[in-house]
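Q: I'm new to this one and would like a close look at a single part. Could you pick a spot and walk me through what surrounds it?

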Amino acid sequence: MEHKTKATFPKDFLWGSASAAYQVEGAWNEGGKGPSVWDIYTKIEGTTFKGTNGDVAVDHYHRYKEDVRLMAEQGLKTYRFSVAWSRIFPSGKGEVNEEGLRFYNNLINELLANKIEPMITLYHWDIPQALMDEYGGWESRQVIEDFDQYAITLFKHYGDRVKYWISLNEQNYFVSYGYETALHPPGVKDRKRMYEVNHIANLANAKVIQSFRQYVPEGKIGPSFAYKPYYPMDSNPENILAFENSEDLNNYFWMDIYAWGRYPITAWKYLEENNLTPTIQEGDFELLASAKPDFMGVNYYRTTTVDKNPLEGGVDLGVKNTTGKKGSSKDSGIPGMYKSAKNPYLEATNWDWEIDPQGLRIGLRRIANRYNLPVLITENGLGEFDKLEEGDIVNDDHRIDYLKSHIEAIQDALSDGVEVLGYCSWSFTDLLSWLNGYQKRYGFVYIDRDEESEKDLRRIKKKSFYWYQNVIETNGESLQGQSLAQQGENPYE
């Protein structure tokens, strides 16, 4: 749909940025914090790029005031961050760690003092190792109660000041990477266990949304889904069917549960035929249906194109690029359902992620039409190699081009009638990119460290910092040019 005049961004649009505790905080064993699964997993040889871990990360735990000052300088309206569960409950449950509560309380107050709306993610992949040791973490229904009690603790302490909450971050990835591809902890390859874990996570998500209604009645909560809209390779009906299979099994399988409390019919039939259905207990679907979110959170980075994948001799799990060596990933799929294919119309990053701003618009429209829910874009960004030049300059025009095109796509979606609450770039500072180390940089702020050395961890504003500052100042009216507040001194000229 083309528009003669594009919609403007709402006056209260939440221009923001995002992070996750393990990727930025560091202080992994300070302040009474217990170990998370990532604190243990990254110490296993061969699990991450050059053996990197988040023991120090970018030291946000000790430097949060400096980071918030930079956020205020840029003009952020919101900052999305996650709470480390094991910093609040070192053993996952039981006695609360007051020092952990105090850290996030101080962070929230610092944000509010700088007129930045805090947005809390309850869970961003770092379940306490103690719960993994005790009962297998997400493999046991006991986690539902423990997660709920942890969430209620946060609601009670911060709900008076924090109005936007994310329940689970990228559930589809933490279950698939943890239990299907074995790339994340606990490093298991067992699709039956994956779907069991996923169903339990769905129940836990619903339970905390129920509790949220009681403790933060004026707030808004929703999950953050890693959304990859799918395309058929061409108009061949067999490839159209592969596309339908992909959407059902990889997208609607999660979002239908969030919005309606039920699984898609065709995806469930696939699970039944392959002995993959999770254990369903009495009351499960009633709980799931009772916890409709206030918005659909979306982490968007790419689309995927698919074509037919035969049941006999078809492509199975592929290879993920975690090195930044372009072209090193391999196609993946599910025999009898679909397989990935190269889209000839799209360029890709050095990590083989398709760059497709139009896909964001398409995805937003699909969500709005299917679920009639507003969307909060909780992540979108470009992970690439950035170079620190003489004079502490980082010319990341590639990031500006990427973000600009995706924000334009959001404006197009607004013009199409989609309700979008806000946009959180990934990320504010550079950070640990899970399996990819520190070389894959996402931030507006360069952190002076690498895989070999923590160096001085200096914060250095990139060219994109000033560009986004201008976007926020003009509420998206000007996606080019330099910030009015920084004319004459910023490098974006």
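**A helix meets a sheet**

A: Let's start with a pair of side chains: N250 and Y338 are joined by a polar contact of 2.9 Å. Keep in mind that this is a predicted model.

Take N250 first. This residue belongs to helix α10, which covers residues 237-260. N250 has a relative accessibility of 16%, and because buried means under 20%, N250 counts as buried. What does N250 touch, once its neighbours within four places in sequence are set aside? The answer is F225, Y230 and Y338.

Now follow Y338 over to the sheet. Strand β10 takes in residues 338-341 and runs antiparallel to strand β8, residues 304-307, with 3 bridges joining the two. Within this pairing, D307 sits opposite K339 of β10.

Step back a little and you'll find that β8 and β10 are part of an open sheet of 4 strands, ordered β6-β8-β10-β9, with mixed pairing. At the edges are β6 (230-232) and β9 (333-334); each has a single partner strand, so one side of each has no neighbour in the sheet. Y230, one of the contacts of N250, lies in the edge strand β6.

So what ties this corner together on paper? N250 of helix α10 is in contact with Y230 and Y338, where Y230 falls in β6 and Y338 falls in β10.

Note on methods: Residues numbered from 1 in each chain as written. Predicted model: local features only at pLDDT ≥ 70, side-chain atom pairs only at ≥ 80, totals over all residues. Heavy atoms only, no water. Pairing = 2+ DSSP bridges. Buried < 20%, exposed > 50% of the residue type's maximum accessible area, 1.4 Å probe, protein only. Polar contact = N/O pair within 3.5 Å; in protein donor to acceptor, adjacent residues only side chain to side chain. Contact = heavy atoms within 4.5 Å.
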